[in-house]
Every structure is written in C-alpha cells, then in structure tokens.
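Please look over the sequence and the coordinates shown here before reading on. The paragraphs that follow go from the chain as a whole to its sheet, its helices and a few individual residues.

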Amino acid sequence: MTINQCPNCASSAYIKSGIVNDRQRYKCKSCGYYFSVDKIGKKIDEYYVNKALQLYLEGLTYREIERILGVSHVSIMNWVKKYNIKRPTSTNYHPTYKILNALELSKYFQKIENLSGAGVVVTELGDKFMLIKWERFRD
Ligand SMILES: [Zn+2]
C-alpha cells in the first residue's frame, strides 16, 4: 500500500519537514498538518478498513472494492471476518457506482432525474467522492 496523501485532509501536496524521533516528518501544504510516516501508515490503514467495510455493506463485491480502493480482496475478506461483518443477502439489488470530483458531484445533484427512483449514497474517497446507487436489475 503506497502512502500518497495527508491523513488529515487526503491532499497529496505535502513536503518533507525534518526528522522527529528518527522518523521522517511531513507537512501538508493544503491544511498545514504535520505527520510522520508511521502515523500516516496507521491512519491510512484505518481509512481503508473503514471504507472497504462500508462498501461491502453497501453490497459491492470484494473484487469491486479491490478495484476501487486498490486494496487486495484477500485483505478485505480478512477484515470482514475480523469484524464479523454480515450483510443481508439480496440478489435483486446490486449497486452501481461512479467516482466523481466535487464539481461533477454538484452537477449530478442538480439533475432531478438522477435522484428519482433510486437510493443514493455519497462517500468520501480520497480527494474524490463515490456515489453509490441502487437500481433493480432489469431482467
Ligand atoms: Zn492536509
């Protein structure tokens, strides 16, 4: 898993800012937050665990979550087991999803036809947003 963002605001604009306790320290240029490599590793892990389990509960498959988050489906299966996550089995519904930036997201919500007849959930995903939508399979 590569570390490429600020644990506070998820910006990738950070600079090296000295060594503290034998660890490289970084400063985020976007929010001014200081962090070290160890700290960011742990925070990012928690972020991905939470996100992966959230997406799992929304009905996405392990492979889909792997593709979206870049986390191995084996890790996700382990987390699901570890936290004993159970989801209701439903074969009639499967979510579709889009990855949007803030501007695309606001445009999406301006169109009423995008909102009617379907449930929508928006979740943060790094510096973008993920929109999850349920529609009954048409078959
Ligand atoms: Zn930041």
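In the protein chain, 47% of the contacts with a separation of 6 or more are made by residues 24 or more positions apart. The model is a predicted one, and the confidence of the prediction should be kept in mind throughout: the mean pLDDT of the protein chain is 82, with 86% of its residues at 70 or more. Among the elements, helix α3 (residues 73-82) has the highest mean pLDDT, 93, whereas strand β6 (residues 128-136) has the lowest, 79. Buried residues account for 12% of the 139 residues in the chain.

The chain contains four helices and six strands, and along the sequence these elements follow one another in the pattern β-β-β-α-α-α-β-α-β-β.

We begin with the sheet. Three strands make up an open sheet in the order β1-β2-β3, and their pairing is antiparallel. Because β1 and β3 each have a single partner strand, they stand at the edges, and one side of each is left without a neighbour in the sheet. On average, neighbouring strands of this sheet are turned by 35 degrees against each other when direction is ignored. As general background, the strands of a sheet pair through backbone hydrogen bonds, in either a parallel or an antiparallel arrangement.

The pairing can be followed bridge by bridge. Strand β1 (residues 14-20) and strand β2 (residues 23-28) are joined in the antiparallel sense over five bridges; among the bridge partners, Y14 is matched with C28 of β2, and V20 with R23 of β2. The hairpin of β1 and β2 has two residues between the strands, and in this hairpin N21 adopts a positive phi near 50 degrees. On the other side of the pattern, β2 is connected to strand β3 (residues 34-36) by three bridges, and these two strands also run antiparallel, with Y34 of β3 as the bridge partner of K27. β2 and β3 likewise form a hairpin, here with five residues between the strands, and G32 in its turn has a positive phi of about 80 degrees.

Positive phi values also occur away from these hairpins, and they deserve a separate remark, since most residues other than glycine have a negative phi. A10, which lies in the segment before β1, is a residue other than glycine with a positive phi near 65 degrees. A10 counts as partly exposed because it has 18 C-beta neighbours inside 10 Å. N84, found in the loop between α3 and β4 (93-100), is not a glycine either, and yet its phi is positive, at about 55 degrees. N84 is exposed, because 6 other C-beta atoms lie within 10 Å.

Turning to the helices, it is useful to recall that two packed helices are described by the angle between their axes and the distance between the axes. The axes of helix α2 (residues 62-69) and helix α3 come within 9 Å of each other and cross at roughly 115 degrees, and the crossing of α2 past α3 is right-handed. On the side of α2 the contact is made by Y62, R63, I65 and E66, and on the side of α3 by H73, I76 and M77. By character, the residues of this contact divide into four nonpolar, one polar and two charged.

Which residues does A52 touch, leaving aside those up to four places away in sequence? A52 is part of helix α1 (residues 37-57), and its contacts are I65, L69, V71, I76 and W79. I65 and I76 are also among the residues through which α2 and α3 meet. A52 is buried, because 24 other C-beta atoms lie within 10 Å, a count to be set against the cut-off of 20 or more for a buried residue. Across 23 residues of chain, the C-alpha atoms of A52 and S75 are separated by 9.5 Å.

Is V74 buried or exposed? V74 lies in helix α3, and because 10 other C-beta atoms lie within 10 Å, V74 is exposed, the limit for that class being 12 or fewer. V74 and R63 are eleven residues apart in sequence, and their C-alpha atoms are 9.5 Å apart in space.

Key. Residues numbered from 1 in each chain as written. Predicted model: local features only at pLDDT ≥ 70, side-chain atom pairs only at ≥ 80, totals over all residues. pLDDT = per-residue confidence, 0-100. Pairing = 2+ DSSP bridges. Axes fitted to C-alpha atoms, helices over the stretch in contact; angles between N-to-C directions. Left-handed = near helix turned anticlockwise from the far one by under 90°. Contact = placed C-beta atoms within 7 Å. Nonpolar A, V, L, I, M, F, W, Y, C, P; charged D, E, K, R; others polar.
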